[in-house]
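Trainee: Could you take me slowly through one part of this protein, the open sheet and the helix that packs on it, and then set that part in the context of the whole chain?

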Amino acid sequence: MSPAIWSKIEQLSWPADWPALFGRDAPLLMEIGFGSGQYLIELAGRRPEANVIGVEISVPALRRAGRKLERRGLNHVCLIQGDANAVLRALCAPGSLAAVVINFPDPWPKLDHDARRLIDNDFLCLLATRMAAGAPLDIATDHDDYAAQIAAALARSPTFESRSGATFALEEPGRAPTKYERVALAEGRTPRYFAWRRNDAPATTPFPIPEEYAMPHVVLRGPADLTEIGRRFRPSVILFDGGRVRFIEAYRALGGDKLLIETYINEDPIRQRLGLEVRARANGEIVIGLAEVGFPRPTRGVHAAIAALANWLRAEFPALIVVHSALQEEYAHAQDERY
Ligand SMILES: C[S@@+](CC[C@H](N)C(=O)[O-])C[C@H]1O[C@@H](n2cnc3c(N)ncnc32)[C@H](O)[C@@H]1O
């Protein structure tokens with residue numbers, strides 16, 4: 001894959017087929033939050049034998065780094081757009097990462113914002129499931145409070161150990177400084193460099209790869225037309241075991257036989273904004289399914305959303321009956337009542 005073409009989590013298989021994406025099987029190195037990409041480029045240049053994954057939330061950062069990598073002909077780098085938690089959970093098989101680097105993660109310096117920091121006990125537990133025994137974990141930060149938090153989390157973790165015996169060092173000789181590192185040094189702050197490794201203790205929590213199910217749909221029959229359904233639609237939120245669905249807006253197709261329900265599904269850490277489709281068949285039936293817009297993944301939350309939409313329709317139009325339902329067991333049951 002060209003490094004200038006980055007992928008979103010939902011475009012790839014879960015876990016990702018890295019050998020197919022890179023065109024070869026090789027040790028997987030990951031940099032999380034590469035920002036302007038200097039370190040990623042240096043890492044890729046230094047490790048031509050490895051497959052290098054760069055993870056970033058910021059799309060402009062991905063575009064810029066992709067162009068730089070392409071100009072340098074570094075084709076063994078794969079860029080992924082997304083939150084590191086979701087990338088690790090969905091794309092990385094257990095024990096698959098041979099090294100992880102996190103340079104100057106966002107410090108969230110405001111007092112009540114520290115919960116937003118990437119590196120905490122839970123994150124290290126997740127990381128421990130995805131890293132191979134012996135794989136190095138390198139973290140750098142110039143933020144005093146975050147450094148203390150990282151030190152405490154690493155010290156508590158039964159699955160990581162220091163490579164040097166020290167918690168951190170104040171310099172890393174030969175290191176290519178990142179953009180944030182240069183700013184920190186210029187402004188007189190002292191970066192802390194944590195050189196740790198995954199030990200061979202078993203991970204404490206499994207963090208399974210998110211499951212995908214068959215494409216869900218529900219077929220209803222009865223007196224309800226799309227105009228009336230669209231008129232009655234109101235934004236709403238439903239909770240299901242494992243997350244939250246928000247029905248945002250309903251759109252009518254110009255052709256007339258479809259409603260698109262814009263829907264946000266949060267199954268932390270996987271989040272999808274997708275379309276559910278309510279389609280009128282010529283025989284009078286109404287089909288609720290997943291619209292082929294973007295790269296929707298038929299997760300448990302999607303099944304919950306379609307079940308909730310079907311239930312809402314049956315509550316609004318009590319004469320509707322369920323003709324057919326292809327939903328996960330737990331949601332199919334709710335549909336059965338009216339057969
Ligand atoms: C403070 S900057 C550091 C950038 C670069 N590593 C450096 O040292 O110059 C933090 C970077 O992490 C990215 N980021 C923040 N949270 C992230 C997350 N949960 N997953 C992936 N990237 C993230 C941000 O978009 C930003 O580019």
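Mentor: What follows starts with the whole model, turns to the sheet and its helix, and ends with the ligand and one loop residue.

This is a predicted model, and the pLDDT averages 94 over the protein, with 97% of the residues scoring at least 70. One stretch calls for caution, since over residues 335–339 the pLDDT is below 50, although this stretch has ten contacts in the model beyond near neighbours in sequence. Where pLDDT is low, the predicted coordinates should not be read in detail. The protein contains ten helices and 15 strands, and its C-alpha trace spans about 75 × 40 × 40 Å along the principal axes. Of the 339 residues, 37% are buried, and among the contacts with a separation of 6 or more, 71% are between residues 24 or more positions apart.

Now to the part you asked about. Seven strands make up the open sheet, and if you follow them across you meet them in the order β10-β11-β12-β13-β14-β9-β15, with antiparallel pairing. At the edges stand β10 (236–240) and β15 (321–326), each of which pairs on one side only. From one strand to the next the twist averages 20 degrees.

Within this sheet, it helps to go through some of the neighbouring pairs in turn. β12 and β13 are paired in the antiparallel sense over ten bridges, and the two strands form a hairpin with two residues between them. If you want a place to look along this pair, Tyr264 has Arg273 in β13 as its bridge partner. The next pair, β13 and β14, is also antiparallel, here over five bridges, and one of the partnerships to find is that of Arg279 with Val287 in β14. These strands, too, form a hairpin, with four residues between them, and in the turn Gly284 has a positive phi of about 95 degrees. On from there, strand β9 (residues 217–221) runs antiparallel to strand β14 (residues 285–290) and is joined to that strand by five bridges, with Leu220 standing opposite Ile286 in β14.

Against this sheet packs helix α9 (residues 300–316), which touches β9, β10, β11 (243–252), β12 (258–267), β13 (270–280) and β14, and whose direction makes about 135 degrees with that of β12.

To set this beside other parts of the chain, consider the ligand, which is surrounded by 21 residues, the closest being Gly33, Gly35, Phe104, Thr178 and Tyr180. Two elements, β3 (51–56) and α7 (179–186), give two or more residues to this shell, and the largest share, three residues, comes from α7. By character, the shell divides into ten nonpolar, six polar and five charged residues.

A last residue to look at is Ser157, which lies in the loop between α6 (144–156) and β7 (160–162). Ser157 counts as buried because 20 C-beta neighbours lie inside 10 Å. Its C-alpha is 9.8 Å in space from that of Ala203, with the two residues 46 apart in sequence.

Conventions: Residues numbered from 1 in each chain as written. Predicted model: local features only at pLDDT ≥ 70, side-chain atom pairs only at ≥ 80, totals over all residues. Buried ≥ 20, exposed ≤ 12 C-beta atoms within 10 Å, placed from the backbone. Near = placed C-beta within 6 Å. Nonpolar A, V, L, I, M, F, W, Y, C, P; charged D, E, K, R; others polar. pLDDT = per-residue confidence, 0-100. Contact = placed C-beta atoms within 7 Å. Pairing = 2+ DSSP bridges. Axes fitted to C-alpha atoms, helices over the stretch in contact; angles between N-to-C directions.
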